[in-house]
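Q: Please take a close look at one part of this protein, a single sheet and its surroundings, and describe it for a first-year student. I should like one connected account rather than a list.

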Amino acid sequence: QVQLVESGGGLVQPGGSLRLSCAASGSIFSINAMGWYRQAPGEQRELVAGITSGSSTNYADSVKGRFTISRDNAKNTVYLQMNSLKPEDTAVYYCNADVRSRAWGPSRNYWGQGTQVTVSS
């Protein structure tokens, strides 16, 4: 079994910054893609940013130039640096990882429990 634990959410004023972290632990042989999703009240969960095992990245258009995703493979951790935050960034942010627990066999997708980010004055 694999656990993803997020941290770093909170309340920030518009224009401010936050850094989210997500650490994976448990039965891990390797981690393929990792990513951050968010879900605002009444909205569907959407991809914010993703990063491959080779550190190729992709971003939602709404966060390009403001958010940066990175990962530390030695720590099985993915980060999301969020700058120039806007009220519309308010949501629960979820970490996602595609994890292989053995050298053979398929990978499996895991989710964190979510961390609240609120952007408000």
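A: Two strands are said to pair if DSSP finds at least two bridges between them. The model described here is a predicted one.

The sheet in question is open and consists of four strands in the order 1-3-8-7, with antiparallel pairing. Strand 1 (2–7) and strand 7 (67–72) stand at the edges; each has a single partner strand, so one side of each is left without a neighbour in the sheet. On average, neighbouring strands of this sheet are turned by 15° against each other, if direction is ignored. As general background, strands of a sheet pair through backbone hydrogen bonds, in either a parallel or an antiparallel manner.

Strand 8 deserves particular attention. With strand 7, strand 8 (residues 77–82) forms an antiparallel pair over six bridges. Strand 3 (residues 18–26) is likewise joined to strand 8 by six bridges, and these two strands run antiparallel. Individual partners can be followed along strand 8. M82 is the bridge partner of F67. V78 stands opposite C22, and V78 also stands opposite R71. Strand 8 is mostly covered, since five of its six residues are buried; the word buried refers to a relative accessible area under 20%.

The connection between strand 7 and strand 8 is a hairpin with four residues between the strands, and in this hairpin N76 takes a positive phi near 50°. In general, most residues other than glycine have a negative phi. N76 is not a glycine, yet its phi is positive. With a relative accessible area of 25%, N76 is partly exposed.

From the sheet, the account moves to the interior. The largest nonpolar core has 29 residues, and those with the most contacts inside it are W36, L80, M82 and Y93. Strand 1, strand 3, strand 7 and strand 8 are among the elements that give two or more residues to this core, as are strand 4 (30–39), strand 5 (46–51), strand 9 (91–100) and strand 11 (115–119). The largest share, five residues, comes from strand 9.

L80 illustrates these surroundings. Neighbours within four places in sequence aside, L80 is in contact with residues including L18, L20, F67, T68 and I69. The contacts of L80 also include W36, V48, A49 and Y93.

Several of these names recur in the pairing of other strands. Strand 4 pairs with strand 9 in the antiparallel sense over eight bridges, and in strand 9 the bridge partner of R38 is Y93. Strand 4 also pairs with strand 5, again in the antiparallel sense, over five bridges. Here W36 has A49 of strand 5 as its bridge partner. The hairpin of strand 4 and strand 5 has six residues between the strands, and G42 takes a positive phi near 75° in it.

One further residue may be set beside N76. S55 is found in the loop between strand 5 and strand 6 (57–59). Its phi is positive, at about 70°, although S55 is not a glycine. S55 is partly exposed, with a relative accessible area of 40%.

Conventions:
Residues are numbered from 1 along each chain as its sequence is written. This is a predicted model: local features need pLDDT of at least 70, side-chain atom pairs count only at pLDDT 80 or more; totals for chains, interfaces and linings use all residues. Side-chain values use heavy atoms; hydrogens and water are left out. Axes are lines fitted to C-alpha atoms, for helices over the stretch in contact, and angles run from 0 to 180 degrees between N-to-C directions. Buried means under 20% relative accessible area, exposed over 50%, partly exposed in between (1.4 Å probe, protein chains only). A nonpolar core is a set of buried Ala, Val, Leu, Ile, Met, Phe, Trp, Tyr and Cys residues joined through side-chain atoms within 4.5 Å. Contact means heavy atoms within 4.5 Å.
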